[in-house]
Amino acid sequence: MIILPIEQDNRTTIDAFIVRQWFSLQMVVHGEVIDMSAVDGWYAFDYDDIVGLITYRIVHQEMEILSLDSMQENKGVGSALLGQAIAKAKIYGCSRIWLITTNDNLSALLFYQKRGFEIVKIHYNAVDEAKKLKPSIPLFGNNGIPIHDEIELEMVI
Ligand SMILES: CC(C)(COP(=O)(O)OP(=O)(O)OC[C@H]1O[C@@H](n2cnc3c(N)ncnc32)[C@H](O)[C@@H]1OP(=O)(O)O)[C@@H](O)C(=O)NCCC(=O)NCCS
């Protein structure tokens, strides 16, 4: 497996991957609509396939992870991509790395907390608001849990 940056010449392939995972190139998070076709990131490539993708942006010396997807779970793909982002945040002198997940995403809460992230805020009913901007957001998430809240995790660097 190799980790490669998103670049102009692979943008179309990456965009198609994002749409397959998230049904749209528009992500609604903390009340903001984000154009995922313009964000930076890295992808994991194995035997001619994209097996994972992490996207991020850096604003005011803080790195926000916008998405992290692994197509081959429990093989180190997610950890390798997150490690790449943490290394970049350190090089750029970021004060923290943060991200939003949702209350149903127990595997993400496990994954990030085991890697040094802490829950710092719960934005109650934020997903209910996001659904008004993006009606395709499902009512129920992992394990049939109703999705309502955004959970903010951070790693202070
Ligand atoms: C959360 C997510 C990104 C994790 O990705 P992943 O590729 O499974 O992550 P890893 O393989 O690096 O780590 C997962 C587990 O596999 C273990 N693992 C890694 N390599 C392994 C190997 N070769 N053999 C056995 N286990 C291994 C890790 O130790 C880890 O266990 P731990 O968390 O108990 O320490 C993935 O579940 C996912 O894509 N979820 C859906 C999208 C999502 O929710 N994204 C996060 C919201 S931003």
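So, strands first: they are DSSP runs of E with at least two residues, helices are runs of H or I with at least four, and both are numbered from the N terminus. Two strands pair if DSSP finds at least two bridges between them.

With that in hand, the first hairpin. β2 and β3 form it, with two residues between them, and histidine 30 in the turn has a positive phi of about 35°. Four bridges join β2, residues 26-29, to β3, residues 32-35, and the two run antiparallel. Methionine 27 sits opposite isoleucine 34 in β3.

Quick housekeeping. This is a predicted model, so to speak with cut-offs attached: local features need pLDDT of at least 70, side-chain atom pairs count only at pLDDT 80 or more, and totals for chains, interfaces and linings use all residues. Residues are numbered from 1 along each chain as its sequence is written.

Okay, the whole chain. There are four helices and nine strands, and from the N terminus the elements go β-α-β-β-β-β-β-α-β-α-β-α-β. On overall dimensions, the C-alpha trace spans about 40 × 30 × 30 Å along its principal axes. The radius of gyration, taken over C-alpha atoms, is compared with a globule rule of 2.2 Å times the number of residues to the power 0.38. For 157 residues a compact globule would come out near 15 Å, and the chain has 15 Å, which agrees.

Next, contacts, meaning C-beta atoms, placed from the backbone, within 7 Å. Take the contacts between residues at least 6 apart in sequence: 64% of them join residues at least 24 apart.

Now the main sheet. It's open, has seven strands in the order β1-β4-β5-β6-β7-β9-β8, and the pairing is mixed. The edges are β1 (2-5) and β8 (118-123), each pairing on one side only. Neighbouring strands are turned by 25° against each other on average, direction ignored; the axes there are lines fitted to C-alpha atoms, for helices over the stretch in contact, and angles run from 0 to 180 degrees between N-to-C directions.

Where does the mixed pairing show up? β5, residues 49-59, is antiparallel to β6, with eight bridges, and arginine 57 has glutamate 64 in β6 as its bridge partner. That pair is also a hairpin with two residues between the strands, where histidine 60 takes a positive phi near 50°. β6 and β7, on the other hand, pair in the parallel sense over four bridges, and there methionine 63 has isoleucine 97 in β7 as its bridge partner. Over at the β8 edge, five bridges join β8 to β9, residues 150-156, running antiparallel, and glutamate 118 stands opposite glutamate 154 in β9.

On to the ligand. A residue is near it if its C-beta atom, placed from the backbone, lies within 6 Å. Of the 19 residues around the ligand, Ser70, Glu73, Gly76, Gly78 and Ser79 come nearest. β6 (62-70), α2 (77-91), β7 (96-102) and α3 (106-113) each supply at least two residues of that shell. By class, the shell has six nonpolar, nine polar and four charged residues. Here Ala, Val, Leu, Ile, Met, Phe, Trp, Tyr, Cys and Pro count as nonpolar, Asp, Glu, Lys and Arg as charged, and the others, Gly among them, as polar.

Last stop, burial. Buried means 20 or more other C-beta atoms within 10 Å of a residue's own, exposed means 12 or fewer, and partly exposed is in between, with C-beta atoms placed from the backbone. Buried residues make up 27% of the 157. Leucine 106, in helix α3, has 13 C-beta neighbours inside 10 Å, so it counts as partly exposed.

How values were computed: Contact = placed C-beta atoms within 7 Å.
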